[in-house]
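Work through the exercises below with the coordinates open. Try each task before reading its solution.

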Amino acid sequence: MPTPGLPVHIAVALEGAGWHPAAWREPGARPAELFAARYWAGLAGEAERGLLDFVTFEDSLSLQSADPAGPDERTDQVRGRLDAVLTAARVAPLTRNIGLIPAVTVTHTEPFHISKAIATLDYVSTGRAGLRVQVSARRDEAAHFGRRSFPRVRPGDPAAARLARDLFDEAADYVEVTRRLWDSWEDDAEIREVATGRFIDRDKLHYVDFERRWFSVKGPSITPRPPQGQPVVTALAHGSEAYRLVGRVTDLGYVTPRDARHAHDIVTEIRDAQAAAGRAAETVHVFGDLLVFLDRDAVTAAARKARLDERAGAEHASDALAFTGTPPQLADLLQDWQRAGLSGFRLRPAAIPHDLTQITRGLVPELQQRGAFRRAYEAATLRGLLGLPRPANRYALA
Amino acid sequence: MSKPAKQVHLAAHFPGVNNTTVWSDPRAGSHIDFSSFAYLARTAERAKFDFLFLAEGLRLREQNGKIYDLDVVGRPDTFTVLAALAAVTDRLGLAGTINSTFNEPYEVARQFATLDHLSAGRAAWNVVTSWDAFTGENFRRGGFLPQDQRYERAKTFLRTAWELFDSWQGGEILADRDSGMFLAEADVGRFAHHDTHFEIAGRFNVPRSPQGGPVIFQAGDSDEGREFAASSADAIFSGHSTLEAGKAFYADVKGRLARHGRSPDQLLILPAATFVLADTDAEARDLAHEVRLQQVSGATAIAFLEQLWNRDLSGYDPDGPLPEIDPDPGEHTIARGRASVRMHRDPFATANEWRAKAAAGNLSIRELIIEVTGRQSFIGSPATIATTINEFVQADASDGFILVPHITPGGLDEFADTVVPILQERGVFRAEYQGSTLRQHLGLAPRAAGRRRAVARAAS
């Protein structure tokens, strides 16, 4: 278990004008710019000035909705989004050190396309790419593709459990084939050997020959091995199937504990899944997701949350714990949960840019003073920042 | 006041994975590092080019059952690298080839709408088909499309994508803090498309982009391809590099537009063109021959021969005569994943032509392949090349060219420094960008917001 004062990792989850549905109406918000490159470049730049490990970019294959089962008819919330992988790529050349992790829906996309897209994100960022794999059981999203359909299920149905298991099994396969495609070129495959006229040594390119239930992929990738070897694979996990996915195949899971005890229990479950998959010796980060309302004093923070909730017409319900308070108070909680076994946190700013700058200019200096956060970027890649070694190529060992 | 001369359009093609690219030259840089793409893009932009162009390949090429290793291998993902290039350019169009077979319209439409947003209106889509089971082995649905359905699939894919782009007409986003209305209306992005290829319906989740959608390129030379371009494209990326063939193609394609209710300036003809520049025409000719020798090694020559003969010819000497035996008839299996093999429509006739040519010129295999696989389009001094380009355009043999340098990424530098200024001085190429979107650079009118379709809500 990490001891206090040990460095903690901090990431920020970027989403529209902020995670609170009324955030777009706040004085500092820029809701008319949500589809402009400069907006996202500005947020990434601020996060980088705050020396954060990485930012994530949310995404989905449907409109945002207050209804989890399908689209709604609201006009008072942000609707419409940009593709996250391309947004990450757009800001990559304008940043130098911060990691960039877009969300990808594995249920409806081609692993061959995503593997080369993330490999390319790694190239355009010189080694700072990752991805957040997510599954989708939504019937409306499936209808956007017309290739598969899902039954109507209620939480608690046995059918719902079966569906979740299948979706996460497919996600595990998707990650496996993506990782194989990243390794399908050995690092030194490109030889440019003038004497023999060979640009590549074809023996250093490998078919991945993946054939499983949901897809088969031949390979090799069309894109050479990414600079990091393996970009960072992450997933958001709320329950056992997802904890198993995190432990089995990812480098980092985001979880939503209610308190330190809960965090400890979740970490245990993930470590068990990790061990069962033969990965006990590997580093799998577990980050706590928190929705944060931050101000200089707790009363102001609470009042702002109350105003936002009133504007939205209801108290905002989140899968993540909502923290309302000051940066030092948040630092106390983070260190407490770190002692429970979490190695980092992905903070969801309730309002952008307000809560983002509270993190970069309030929380970060506080953690630095406690010796718990970096004072300068110490590595050039995202794996480096997360203490993950550059892995050997699985095909090169053969 | 006299009418200004017809303007030339120029674009740059990042070459990569064909033998056009001379990777063995000491000046040749990386074909995968972002710095190479950024370098070529910046060169094109300082030369005021209309756009940068990327091709596509979704399976590494093979020959005789082995991965082809003589040319550049390896390329980035097209959408991702274009999005990154939007960060290091300001006006340059960003054109990517994306196929209509191993993709889904909802995802591709999201990606192009996003690229157009993130580049403030500079995205373009070269719509291509691929149908082969070889490439299909990388995808969930495999090689499922019969070859004769490829244009139908492409047409319906493109039509569906436009329905998605047009599902937001513009103006839906109010972002009005005071009233609390982010959207002007509730039912944004609604679409439904039902045919044999696509049964999809719902809500598109990317608002209308600055150009309304990407500029559309198409690259067909067949009758069906020309019709497809005439009905649906803004620019046709193919053509013929001799003046007479160019004029015939131009007249044919532009002549089809009226039937589709379009005028000649609504479809640009932009063939690809290679070039060799030197101080004098004579030096350029010598250099061109050197480049051809670099592009067509003995091994490459045998490989090209095999692509026509459809059999293993590794026993032949590239400095010796052509094979006496005939091409292997039947399904083409020797070379996989390569568009050019599909151009040999009558291998026996072509083999006979090549044998005749070799005999007439006493040419070895290598010399013959150099001869028949494409001499550079433009060879000469800067003035000669500028004059030739301008003549083609003024004679209506093209509306411009997509230039393919053979050295990456610096192979466009000299062209930008020496040829472009001549065209600018002659008043036939822009000295400054006038507009900011790719449609503006190409002289295309803004695309009207789609008409709101009365789309019945699908029962869910």
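The exercises cover chain B as a whole, the chain contact, one helix pair and some backbone exceptions. The model is predicted.

**Exercise 1. Overall form of chain B**

Task: Determine how the radius of gyration of chain B compares with that of a compact globule of 460 residues.

Solution:
- Start with the secondary structure. Chain B has 14 helices and 18 strands.
- Take the extents along the principal axes. The C-alpha atoms of chain B occupy a box of roughly 80 × 55 × 45 Å.
- Apply the globule rule. For 460 residues it predicts a radius of gyration near 23 Å. Chain B has 23 Å, so the two agree.
- Check burial. Of the 460 residues in chain B, 52% are buried.
- Check contact range. Take the contacts in chain B with a separation of 6 or more: 74% of them join residues 24 or more positions apart.

**Exercise 2. The contact between chains A and B**

Task: Find which element of chain A gives the most residues to the side that touches chain B.

Solution:
- Count both sides. Chain A puts in 62 residues and chain B 63 residues.
- List the elements of chain A that give two or more residues. They are α2 (84–91), α3 (111–124), α4 (139–143), β5 (190–193) and β6 (198–200).
- Pick the top contributor. α3(A) gives the most, with 7 residues.
- Sort the chain A side by class. There are 32 nonpolar, 13 polar and 17 charged residues.

**Exercise 3. A helix pair in chain A**

Task: Decide whether α1(A) and α10(A) are roughly parallel or roughly antiparallel to each other.

Solution:
- Two packed helices are described by the angle between their axes and the distance between the axes.
- Locate the pair. Helix α1 spans residues 37–49 of chain A, and helix α10 spans residues 354–369 of chain A.
- Read off the geometry. The angle is about 20°, and the axes are 8 Å apart.
- Apply the cut-off. Angles under 35 degrees count as roughly parallel. α1(A) and α10(A) are therefore roughly parallel to each other.
- Assign the hand. The crossing of α1(A) and α10(A) is left-handed.
- Name the residues. α1(A) contributes A:L43, A:E46, A:A47 and A:R49, while α10(A) contributes A:L356, A:T357 and A:T360.
- Classify them. The contact has 3 nonpolar, 2 polar and 2 charged residues.

**Exercise 4. Cis peptide bonds**

Task: Where in chain A is A:P220 found, and where in chain B is B:P409 found?

Solution:
- Most residues other than glycine have a negative phi, and most peptide bonds are trans.
- Take chain A. A:G219 and A:P220 are joined by a cis peptide bond, with omega about -10°. A:P220 sits in the loop between β8 (216–217) and β9 (232–237) of chain A.
- Take chain B. The peptide bond from B:T408 to B:P409 is cis, and its omega is near 0°. B:P409 lies in the loop between β18 (400–403) and α13 (413–425) of chain B.

**Exercise 5. Positive phi**

Task: Is A:D209 buried or exposed?

Solution:
- Get the torsion. A:D209 is not a glycine, and its phi is positive, near 45°.
- Place the residue. A:D209 is in the loop between β6 and β7 (210–211) of chain A.
- Count neighbours. A:D209 has 12 other C-beta atoms within 10 Å. A residue is exposed at 12 or fewer, so A:D209 is exposed.
- Repeat for B:N64. Its phi is near 55°, again positive in a residue other than glycine. B:N64 is in the loop between β3 (62–63) and β4 (66–67) of chain B.
- Finish with its count. B:N64 has 15 other C-beta atoms within 10 Å, so B:N64 is partly exposed.

How values were computed: Residues numbered from 1 in each chain as written. Chains lettered and ligands numbered in written order. Predicted model: local features only at pLDDT ≥ 70, side-chain atom pairs only at ≥ 80, totals over all residues. Axes fitted to C-alpha atoms, helices over the stretch in contact; angles between N-to-C directions. Helix = DSSP H or I, 4+ residues; strand = E, 2+ residues; numbered from the N terminus. Parallel < 35°, antiparallel > 145°, perpendicular 65-115°, else oblique. Left-handed = near helix turned anticlockwise from the far one by under 90°. Contact = placed C-beta atoms within 7 Å. Nonpolar A, V, L, I, M, F, W, Y, C, P; charged D, E, K, R; others polar. Rg over C-alpha atoms; globule rule 2.2 N^0.38 Å. Buried ≥ 20, exposed ≤ 12 C-beta atoms within 10 Å, placed from the backbone.
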